[in-house]
Amino acid sequence: MESQEKLLLSDLPDDILVSILLFYHDNQLQISNPSKYSPSLADSLVHFIQLRFVSSRFNSLITSQILPKLIRLDISHSLPSSTLQFSSILKLFTRTHSCSQLFFLPGSQSGPILVSQLNSSVESTHEFTARILKLHLSMCTSLSMIDLNVFENLRVLHLDGCRSLTDSCFESIETGLILYNLIQLSLRWCVSIGNQSVQIIGNQCKSLKTLDIHGCDNINDDGIYRLLRGDSELYLTLEYIDLCFCSISDNTLHYLDSCHRLHTLRLPYKSENLWNCGTWTYSRLQKLRSTHPSLRVLFD
């Protein structure tokens with residue numbers, strides 16, 4: 001197809017239409033009545049917008065009619081930081097009138113850069129960042145936690161595999177709003193965080209229901225005590241916790257007794273496992289189950 005040829009899309013089935021969008025993403029597109037398409041198509045159009053980021057050519061029809069309706073926006077990990085047109089991208093963010101989910105694909109190095117730009121342009125981008133309820137920034141090698149304070153209304157935050165995160169990173173946001181409204185926090189394999197981080201989480205998170213610290217082997221019984229006791233009220237809200245490969249003993253299972261809303265606990269298989277599984281025992285686990293009859297225990 002010639003690069004200037006116009007592609008007309010109207011009543012095609014969603015799956016065919018998506019394939020066309022992804023295949024001809026560098027051509028001019030005209031979409032009839034885009035609002036009639038299904039949510040699944042909208043998800044694919046997000047991927048299409050992602051491809052436009054890479055090519056750095058924004059189709060006016062897409063940005064004027066599709067972008068304002070998008071709920072989720074994905075940013076490609078292949079976006080070269082040396083050629084980022086920050087002003088164009090930040091302007092595009094402000095046109096996503098319904099966007100509440102921002103996903104940087106795993107390993108994206110553009111993620112920390114764009115978050116920093118959002119933080120430094122807070123006056124012009126506040127309306128966008130205030131709408132973001134779900135943020136994924138997994139496997140970033142460099143991330144300034146203090147920049148995340150710009151997302152003051154977050155409900156879901158995924159920072160899986162961000163190995164540069166340390167206790168001092170969490171100390172930098174101790175007085176911010178980013179943790180206050182969270183209901184789900186995932187820190188899987190953030191291997192450099194420890195007990196101080198979970199204490200801050202316990203003190204700052206007032207509505208947290210799901211906590212995933214899978215693979216954080218610097219967190220031990222003392223950390224779980226700080227998470228659930230002292231100034232923390234997390235024992236009142238916590239429903240799901242993943243403690244696989246944390247350095248825990250039966251003391252941690254004792255602390256979980258107070259979490260009356262806990263319905264799911266994830267632990268590692270202790271047999272033939274090369275990772276640190278802790279020293280907790282199945283007998284103490286059974287006691288926890290007796291006080292929480294509906295508790296589901298999952299093993300990895």
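Modeller: Let's begin with a term we will need: a residue counts as buried when its relative accessible area is under 20%. Please keep in mind that this is a predicted model.

Biologist: Thanks! Then which residues of strand β4 point one way, and which the other?

Modeller: Here is the general idea: in a regular strand the side chains alternate between the two faces of the sheet. In strand β4 (residues 101–104), Q101 and F103 point one way, while L102 and F104 point the other way. All of these residues are buried.

Biologist: And how much of the chain counts as buried?

Modeller: Of its 300 residues, 50% do. The chain exposes about 13,700 Å², and carbon and sulfur atoms supply 50% of that area.

Biologist: Back to β4, then. How many bridges pair it with β3, and in which sense, parallel or antiparallel?

Modeller: Generally, strands of a sheet pair through backbone hydrogen bonds, either parallel or antiparallel. Here β3 and β4 pair in the parallel sense over four bridges, and L73 stands opposite L102 in β4. Strand β5 (residues 134–137) also runs parallel to β4, joined to it by four bridges. On that side, F103 has H136 of β5 as its bridge partner.

Biologist: In what order do the strands of the whole sheet come?

Modeller: Nine strands form an open sheet, in the order β3-β4-β5-β6-β7-β8-β9-β10-β11, with parallel pairing. The edges are β3 (72–75) and β11 (296–299); each has a single partner strand, so one side of each is left without a neighbour in the sheet. Ignoring direction, neighbouring strands of this sheet are turned by 5° against each other on average.

Biologist: What should I look at toward the β11 end?

Modeller: Try strand β9 (residues 240–242) and strand β10 (residues 264–267), which run parallel and are joined by three bridges. One pair to find is Y240 with its bridge partner T264 in β10. Then look for helix α11 (residues 282–291), which lies across β10 and β11 and runs at about 150° to β11.

Biologist: How do I read two packed helices, such as α5 and α6?

Modeller: Two packed helices are described by the angle between their axes and the distance between the axes. Helix α5 (residues 110–120) packs against helix α6 (residues 122–131) at an angle of about 115°, and their axes are 6 Å apart. The angle makes α5 roughly perpendicular to α6.

Biologist: Which residues make the contact?

Modeller: From α5 come L118, N119 and S120, and from α6 come V122, T125, F128 and T129. Of these contact residues, three are nonpolar, four are polar and none is charged.

Definitions and conventions:
Residues are numbered from 1 along each chain as its sequence is written. This is a predicted model: local features need pLDDT of at least 70, side-chain atom pairs count only at pLDDT 80 or more; totals for chains, interfaces and linings use all residues. Side-chain values use heavy atoms; hydrogens and water are left out. Two strands pair if DSSP finds at least two bridges between them. Axes are lines fitted to C-alpha atoms, for helices over the stretch in contact, and angles run from 0 to 180 degrees between N-to-C directions. Contact means heavy atoms within 4.5 Å. Angles under 35 degrees count as roughly parallel, over 145 as roughly antiparallel, 65 to 115 as roughly perpendicular and the rest as oblique. Ala, Val, Leu, Ile, Met, Phe, Trp, Tyr, Cys and Pro count as nonpolar, Asp, Glu, Lys and Arg as charged, and the others, Gly among them, as polar. Buried means under 20% relative accessible area, exposed over 50%, partly exposed in between (1.4 Å probe, protein chains only). Accessible areas come from the Shrake-Rupley method with a 1.4 Å probe; for residues, only the protein chains shown count as cover.
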